[in-house]
4 protein chains.
Amino acid sequence: MARTQKQRSGNIDNTGFGANSNAEGGRLVNPDGSINLKKTGFAIWKRISIYHSLLRMKRSHFFLAIMVFYTGVNIIFAAIYFAIGVEHLSGIDQSRSTFDEVMSAFFFSSQTLTTVGYGHVAPTGMLTNIVASTESLLGILAFAVVTGLIYGRFSRPKAYILFSDNMLIAPYKGGKALMLRVATYKNNHLTEVEAQITIALHLNEGGKMVTRFYPATLEIARVNSLALNWTMVHNITEDSPLYQYSLTELTDARMEVMVYIKAFDDHFSNTVQQRTSYTHQQLIYGARYIPMFERSPDGDYTVLELNKISAYEPAELPDTIAVSAAEEAGR
Amino acid sequence: MARTQKQRSGNIDNTGFGANSNAEGGRLVNPDGSINLKKTGFAIWKRISIYHSLLRMKRSHFFLAIMVFYTGVNIIFAAIYFAIGVEHLSGIDQSRSTFDEVMSAFFFSSQTLTTVGYGHVAPTGMLTNIVASTESLLGILAFAVVTGLIYGRFSRPKAYILFSDNMLIAPYKGGKALMLRVATYKNNHLTEVEAQITIALHLNEGGKMVTRFYPATLEIARVNSLALNWTMVHNITEDSPLYQYSLTELTDARMEVMVYIKAFDDHFSNTVQQRTSYTHQQLIYGARYIPMFERSPDGDYTVLELNKISAYEPAELPDTIAVSAAEEAGR
Amino acid sequence: MARTQKQRSGNIDNTGFGANSNAEGGRLVNPDGSINLKKTGFAIWKRISIYHSLLRMKRSHFFLAIMVFYTGVNIIFAAIYFAIGVEHLSGIDQSRSTFDEVMSAFFFSSQTLTTVGYGHVAPTGMLTNIVASTESLLGILAFAVVTGLIYGRFSRPKAYILFSDNMLIAPYKGGKALMLRVATYKNNHLTEVEAQITIALHLNEGGKMVTRFYPATLEIARVNSLALNWTMVHNITEDSPLYQYSLTELTDARMEVMVYIKAFDDHFSNTVQQRTSYTHQQLIYGARYIPMFERSPDGDYTVLELNKISAYEPAELPDTIAVSAAEEAGR
Amino acid sequence: MARTQKQRSGNIDNTGFGANSNAEGGRLVNPDGSINLKKTGFAIWKRISIYHSLLRMKRSHFFLAIMVFYTGVNIIFAAIYFAIGVEHLSGIDQSRSTFDEVMSAFFFSSQTLTTVGYGHVAPTGMLTNIVASTESLLGILAFAVVTGLIYGRFSRPKAYILFSDNMLIAPYKGGKALMLRVATYKNNHLTEVEAQITIALHLNEGGKMVTRFYPATLEIARVNSLALNWTMVHNITEDSPLYQYSLTELTDARMEVMVYIKAFDDHFSNTVQQRTSYTHQQLIYGARYIPMFERSPDGDYTVLELNKISAYEPAELPDTIAVSAAEEAGR
């Protein structure tokens, strides 16, 4: 069949994924843009960048981790001070209970770690002094690490791109097109925005399941500025990898649409990128996006309604669909 | 009319703005380069990057914000210490008034938050110690945040480009040209400087108001180094979107000229960019810029007079204008 | 001989290395990607960037360096305080031994340097106060330096690419090819990955030893994403610098294969690069790589086995080898 | 004359410098790569980036500036504490002299600013407490600034390129060539190194002094890696702006050679650039560079002798010079 022939010729092999469908499991790319992959064979501390894990974790988790670390270190040092003997912490009321003594050691530790050092409790004796001296250095180093982490979290370039939850097959220029919609949701500004869409299809070729990748040509693949929203349009012409595929066929081929956006961000003065991936479950057949921006009531500016990013209305697709369905039925 | 035909064919649709004039309000780009846009539909904390807002606010506002934050946190902790009981702050003279007690708690809080910890007032008792221990951690974290913010403010790449307040229609090569002037106003040095000018016109096409965008070709669109000043020249030839437009027509079309400059900055060793936008109100018809640099008195260096960036003198435009006006009158 | 002629014509002279084999010693590039070079003629502090040395040293060495610095500075200041007289450190029990006094001065110093400042020991007298005031400033500066270093260590863009220990001459498309294998071993993601392979051969040209460099064309020289592993394939065709070379000849020519990879890393939102170099000792003749990824047991994701990066199995090379060997034998 | 004609046609006008020789004074670019320019018309704080000035000043000046700032702030606060009354600093021995009291206030200030806060002297009373509370916040902010500055100084990408002190007219391929030599002098590694050389000549054209700029084509304008040294060679062929110029003519035209190098640095994982400029005084006519690298004694590595960067030996130039001189004499 000529169709398949054409698609074959257009596939690309430089996506970084392999062609052997049986070696790859599930979707290729997760919705957050990460590869659906687990690395093994190396110890976890070699495989994981702790710094970047701390950079990417949720803010609440990050501060919880700091609290846990702070409490943990204080418990350890409290135990050491207690083991050496609280009598070496001048100013502690030793007539009190053991629990009170431990707590005093704990609070002394926290005052040392944060370098508050009130001094109403102070170290005496060689050993306690050495431990306190070490703890205050540790505190300073830990603080340096935390400063670096917090700055790293702040300054990590992010694209802040909002993707529509769905992709549409919409009527377009008398035919149909695959459409996605994106916008930036923060007060940042992306310029020189480039998009790249790759469609993955799992096909049976001569009895063997292979994964084929096709670049999807966009009507506009680069905008000077992501000022408002951007509806990416892949016109399904004869050259399209989706040409004359029915919804059933796309589902059978476990179609996955990988989207990669690269831009220059003026917040960070840096290149930013964001990836996502859509599966056939997110495909809406026969729909069009509802406009998401309008003139402000006073006419002085434009309003972009972010909550409408995925809003669509049904739209009749042209006859070519019917033909395709007919073709399909006729096979 | 052939003219309109030509202009139509030259318009571009990858500016990031839409073509529907009725959906967009006011100017497209603000003088500071930001999009004249408001985003809605998302909660403000999702729409705003607090970090970048703090990075971009005026220096005086930034330090005011820190002062307010510092005072606010101390008030909160003073209230907590007071609620627990100031008798748990050893060293406080409790024979004094409640106001004095509250103030003492406030100052103890500030000594804890900044980790000064003189110790003449010190926490006693479980609860007060826990609060103080937490506050000193908070102080360290807040300090880390402030360090990050201050460094971020310092190191945020900025182009430091000074734009002329006006754009001129000046005589050029027997015809006329649209001119703007830029210079860097700091002791920075931009290399590989690229400029891109886009002209937006709001036109009535078949009864519908549409926004059309035209790239304006520059005589020199890229300079190796922004050493002195740079007068950007768009020659108004037959290929220009402004060809044979009268001032009245440009005003009716609410002409907006968007300027985008990108360069490599040796201060930051980073790519920097700056945008601005001119409206038809800033257009001076029939003028030329006065040179803004000259040899120093001792002849050893060049002097660039930044205050002359917008300085112009009247200049007679060639006949083509008259012709255009005649044409216009004849319509 | 036509073969040599062809290779000569393909060599390049913009590698940054010279062509005079007698002026260069040993391999050109070390396995870690650094140049096998020593710079002389400048004092070491001009030749070495201390900051970058501290950034690149092993983590354990870095923290050891901090410990040594901390102890050293405290010893120096303890000596100063002792020289001035410990009677100027209020709170020190002077009835004790000289050793105890020195240790007290040491601990006071550490409390000043870290700005803990308990205050049970405090400076009195002009001189001691001046020294303590200087030390606390020094402490703050040192801390600033350490914060910068730690952040610099964290945020230094690294590619985290794992290279196979070997390079193979493997059967490929009826002929043979030079193959290397790479993968990322951390949870980072490289996009727009470009590889450049340069082959250096030390040849006798007219009695003079010259070093010739040849770019090795790759079947795929750029992948969109380093998602799984990437086997780089240089097909040994007529245009290859390795065409019809026998293993002996390559060994005689002290073949060195320099690999340079450049990519965009989404951890750092920065360009990263990594280099390495293989010598003829790492060349395996007649082998192919064993696949290193497979579907996970539950079929939901893909598993990449990093420990298999260099795993190969013997593979018979096609006749062209035999021919080449025959040719070689026949000479 | 055909020669001048040719040169005219090759000049470029996108250097960022103007063509009017009478408006520009002295050399165009300083040896350190900065533009020989003074900006006026704006207040100094608008013209100067304090951050970048602090980043670029010599290390010794930087630390001196910190010392001066630290002492200055302490003097101001000491004055304030003294004005309020040292009786509000508990722990100060008030029986002592006024000088001692001022010094005590000074040291208390320094303990507050650095947040050491021993506490043997502590603030009492509303006013003193407010000042101390403000000072400790100021200390923290100042420290944040210093941390940012120190990190900024460390991490500022620099190319660390060493230029030869001279440029040579050397024999080359039977003719002659303009040569410069560069090398990196730190343990950094530049890749994808690009050089751009522009020659400025001040010429009398029709009685008016104009500055003309000519790009100088290099035999190799881009090296993959600045591994050893790089001798940049501009072959003086018919297409060269220097063709058939005598040394006298070049001196009369106040020849200036501007060199711009751009590369990717693996220390900083960033693009770095460095500029310099040579004047005709630095031109050596009839010389060649002495090789500056050699094999190490044990043959295991290469030695690059940085102190030989400018080392040259006299070399006879081919006849074309004589011809040119003859031509010149014949005019």
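Start with a sheet that spans two chains: select strands E15(B), E16(B) and E1(D), which lie in that order in an open, mixed sheet of three strands. Keep in mind as you look around that this is a predicted model. The edges of the sheet are E15 (293–295) of chain B and E1 (37–40) of chain D, each of which has a pairing partner on one side only. If you look along the strands, the average turn between neighbours in this sheet is 25°, direction ignored.

Now zoom in on the seam between the chains. E16(B), residues 302–305, runs parallel to E1(D), and four bridges hold the pairing. Show Thr302(B) and you will find its bridge partner in E1(D), Leu37(D). Next, show Glu305(B), whose bridge partner in E1(D) is Thr40(D). As a reminder, the strands of a sheet pair through backbone hydrogen bonds, in either the parallel or the antiparallel sense.

**Widen the view to chains D and B**

Colour the contact between these two chains: 51 residues of chain D and 53 residues of chain B take part. On the chain D side, the elements that contribute two or more residues are E1, H2 (44–47), H3 (50–56), H6 (126–155) and E12 (270–279). Which of them should you highlight for the largest share? Pick H6(D), with 13 residues. Colouring this side of chain D by residue class gives 17 nonpolar, 27 polar and seven charged residues.

**Superpose the copies**

Two copies of a chain are related by a rotation about an axis and a shift along it. Try this with chain D and chain B: a rotation of 90° with 0.0 Å of shift along its axis lays chain D on chain B, at an RMSD of 0.1 Å. This is therefore the relation of a four-fold axis. The two copies use different surfaces, with 10% of the contact residues of chain D recurring in chain B.

**Step across to chains C and D**

Select this pair next: 51 residues of chain C are in contact with 52 residues of chain D. On chain C, the elements giving two or more residues to this side are E1 (37–40), H2 (44–47), H3 (50–56), H6 (126–155) and E12 (270–279). H6(C) supplies the largest share, 13 residues. By class, the side of chain C that touches chain D has 17 nonpolar, 27 polar and seven charged residues.

There is strand pairing to find here too. E1(C) and E16(D), the latter covering residues 302–305, run parallel and are joined by four bridges. Which residue of E16(D) is the bridge partner of Thr40(C)? Select Glu305(D) and you have the pair.

Superposing chain C on chain D takes a turn of 90° and a shift of 0.0 Å along the axis, with an RMSD of 0.0 Å. Only 10% of the interface residues of chain C are also interface residues in chain D, so these copies meet through different surfaces.

**Back to chain B for a hairpin**

Select E7(B), residues 190–205, and E8(B), residues 208–216: the two strands pair in the antiparallel sense over nine bridges. Within the pairing, show Ile199(B), which stands opposite Tyr214(B) of E8(B). Then move to the turn, where two residues lie between the strands and Gly206(B) has a positive phi near 60°.

**Finish in chain A**

Colour chain A by its domain assignment: domain 1 takes in 2–37 + 158–330, and domain 2 takes in 45–155. Measured out in your viewer or not, the computed separation of their centres, over C-alpha atoms, is 50 Å.

For the last stop, select helices H5(A), residues 98–113, and H6(A), residues 126–155. Their axes come within 8 Å and cross at roughly 50°. Angles from 65 to 115 degrees would count as roughly perpendicular and those under 35 as roughly parallel, and H5(A) and H6(A) are therefore oblique to each other. To see where they meet, show Ser109(A), Thr112(A) and Leu113(A) of H5(A), along with Ala132(A), Glu135(A), Ser136(A) and Gly139(A) of H6(A). Coloured by class, this contact has two nonpolar, four polar and one charged residues.

Technical notes:
Residues numbered from 1 in each chain as written. Chains lettered and ligands numbered in written order. Predicted model: local features only at pLDDT ≥ 70, side-chain atom pairs only at ≥ 80, totals over all residues. Axes fitted to C-alpha atoms, helices over the stretch in contact; angles between N-to-C directions. Parallel < 35°, antiparallel > 145°, perpendicular 65-115°, else oblique. Contact = placed C-beta atoms within 7 Å. Nonpolar A, V, L, I, M, F, W, Y, C, P; charged D, E, K, R; others polar. Domains from an automatic or database assignment. Pairing = 2+ DSSP bridges. Least-squares fit on C-alpha atoms with pLDDT ≥ 70 in both.
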